[in-house]
Amino acid sequence: MSTNRFTLWLTLYFLLVLNIPLTLQLYKIISTTESELAVGFILSLPLFFGSLFYLLFSFISVRWLLKPLSILLVLISSMITYAMYSYGTLFDYSMMQNVFETNYGEASAYLNLSAAGSFLLLGVLPAALIARTKIVYKDPLKELLHKGGAVLASIAVIGVVAVLYFKDYSAFGRNNSYLNKMIIPVEYVAATVKYINRNVLAEPLKYESLGEDAQLVASAKPRLTVLILGETARAQSFQLNGYPRATNPYTSQLGIVAVQGVTSCGTATALSVPCMFARMDQQSFDGRKARFQDGLMDVFVHADINTLWLDDDGGCKGVCDRVETWNYVQGYDSEYCTSEFCDDHILLRELDKAIASRGAGDVLIALHTNGSHGPTYFERYDDKFRAFTPDCQRSDIQNCTTEEIINTYDNTIVHTDNLIAETIKKVRDHYPQYASRVVYISDHGESLGENGVYLHGMPYTIAPEQQTQVPWLLWFSDVAQKELAIDVSCLQARAEQGGYSHDNLFDTMLSITGVETSIYQPDLDLLSGCRG
């Protein structure tokens, strides 16, 4: 077939098949909107998108490029379509950043028969047809004329639609601004180009040191701080935050301060973790800039705290690059590392070794957990923590019942709760020579099927609160309370007020660890005003 005919068939496949999630969302909006939409506007939608796709695909309809690029787009788009249809995932810049910075363990959790079948049907088979199709190229002048005519026709259709229904498209787009993120392949290709430009092609920034004046306040005993970084734990599923189920059976009796109403910086690890540890708030956060300046872990080092990062989640997203790090991966331990990830309790076992390796002085150990990472929630806990049944013992969670998904996820929270409690007991009972404190905070939340959305990574402006509300727990030994002169009742009252975010973590951790520095901002310190 000719290049124009091939481009037309490619356009129809993307319009009618690979953009099914967009079509369903458009239908949902149109059928439920209270204001009356013009019939002509509704009928113009497939013409507009079809002409747009044809115009874009015309730019790749060049000999030697058309087939390979078409095959690549179809294969990738088939996976995007499956994720959008099954989980409600949108592939904007932050999600593509998450994709590029994920690891094999995280990626393999999404492999299942449903995903494989969809990839075969929507991606591999059409790609094979494209590979077998013979494209007939005319001589350069005729090819240019034919292609130019088709492009002009596409532009003409888009222009006519714009003239007739500009106000309708403008209002519809303004009220549903997220729809542009659902257009396959436009959004994910643009996001990929942006990511490569910012992170691969751009010139490195000049590195900026921060908090080099950091020093420790004198204390009678050395301080031991354990910072537990949670993964995919949402505040709504924590008993300590008012959840009616017993998901915190281990920590609820340990004098925990549970901070209420905590908002995450992002909805995915690749954004949230760097943001949490950066000297920037959510509004001003720039991931590229954060990579070229000191973060919270670096300030601890500047203050001469013996700092160590233990990682069970495939990497710290750059925040521990200049700190000694121990990683736990598949094959590291036959007891704890039986799947792609290790059981988080390996961090508890390693904690003794980690503390002993730090020597004298103040110590800070960060435990980066795998927590409640989905969709293979069932792999995050063993039978000992299977508190809620029936659970979902599969990765294609959209094929489980709502009850099974919630039960499985809640079991991961119980498992994490045990890790937190055992960490507190260990530092309290085994290390009396330290003034100990334990902090737990999650990077982002998780959707469990609410409004048809699963997992996390939604664009922040439209993300449900299940993905943006996170738990934050604080515990202080009696010695630490005296050393910090904490009014516990005041702190508890402040914690219950809510209205906090990841922006408060940086300065609260400086306060908790006894670090003084010129970059400290007391108005963001949760302990400020509750210390004698």
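This is a working chat about helix packing, two loop residues and aromatic pairs in a predicted model.

Colleague: Let's start at the beginning of the chain: how do the axes of α1 and α2 cross?
Modeller: In this predicted model, the axes of helix α1, residues 3-18, and helix α2, residues 20-32, come within 6 Å and cross at roughly 55 degrees. That makes α1 oblique to α2.

Colleague: And which residues meet there?
Modeller: From α1 the contact takes in Leu15, Leu16, Val17 and Leu18, and these meet Ile20, Pro21 and Thr23 in α2. Sorted by class, the contact of α1 with α2 has six nonpolar residues, one polar residue and no charged residues.

Colleague: Switching to Lys317, where does it lie, and is it buried or exposed?
Modeller: Lys317 lies in the loop that runs between β4 (306-311) and β5 (325-327), and with a relative accessible area of 18% it is buried, because the cut-off for buried is under 20%.

Colleague: What does the side chain of Lys317 have as a polar partner?
Modeller: A polar atom of the Lys317 side chain lies 2.7 Å from the backbone oxygen of Glu101. Leaving aside residues up to four places away in sequence, Lys317 touches Glu101, Thr102, Thr269, Ala270, Val273 and Pro274.

Colleague: What about Asp139, where is that one?
Modeller: Asp139 is in the loop between α7 (113-132) and α8 (140-175), and it is partly exposed, with a relative accessible area of 39%. Its side chain reaches the backbone nitrogen of Lys142 at 3.1 Å, while the C-alpha atoms of Asp139 and Ser108, which are 31 residues apart along the chain, are separated by 47 Å.

Colleague: New topic: how many aromatic pairs does the whole structure have?
Modeller: A search of the whole structure finds 17 aromatic pairs. One of them is Phe41 with Tyr169, an edge-to-face pair with 4.9 Å centre to centre and 80 degrees between the planes. This pair links distant parts of the chain, since Phe41 is in helix α3 (residues 39-58) and Tyr169 is in helix α8, 128 residues apart.

Colleague: Are Phe41 and Tyr169 buried or exposed, and which cluster do they belong to?
Modeller: Both Phe41 and Tyr169 are buried, and together with Phe48, Phe49 and Phe172 they form one aromatic cluster.

Colleague: Why is the pair of Tyr328 and Tyr332 edge-to-face?
Modeller: The ring centres of Tyr328 and Tyr332 are 5.0 Å apart and their planes stand at 90 degrees, so the pair is edge-to-face, given that the cut-off for that class is over 60 degrees. Tyr328 counts as buried at 4% relative accessibility, whereas Tyr332, at 39%, counts as partly exposed.

Notes. Residues are numbered from 1 along each chain as its sequence is written. This is a predicted model: local features need pLDDT of at least 70, side-chain atom pairs count only at pLDDT 80 or more; totals for chains, interfaces and linings use all residues. Side-chain values use heavy atoms; hydrogens and water are left out. Axes are lines fitted to C-alpha atoms, for helices over the stretch in contact, and angles run from 0 to 180 degrees between N-to-C directions. Helices (H or I, at least four residues) and strands (E, at least two) are DSSP runs, numbered from the N terminus. Angles under 35 degrees count as roughly parallel, over 145 as roughly antiparallel, 65 to 115 as roughly perpendicular and the rest as oblique. Contact means heavy atoms within 4.5 Å. Ala, Val, Leu, Ile, Met, Phe, Trp, Tyr, Cys and Pro count as nonpolar, Asp, Glu, Lys and Arg as charged, and the others, Gly among them, as polar. Buried means under 20% relative accessible area, exposed over 50%, partly exposed in between (1.4 Å probe, protein chains only). A polar contact is a pair of N or O atoms within 3.5 Å; within protein, one must be able to donate a hydrogen and the other to accept it, and residues adjacent in sequence count only if both atoms are side-chain atoms. Rings of Phe, Tyr and Trp (its six-membered ring) pair if their centres lie within 6.5 Å; planes under 30 degrees apart count as stacked, over 60 as edge-to-face and the rest as tilted.
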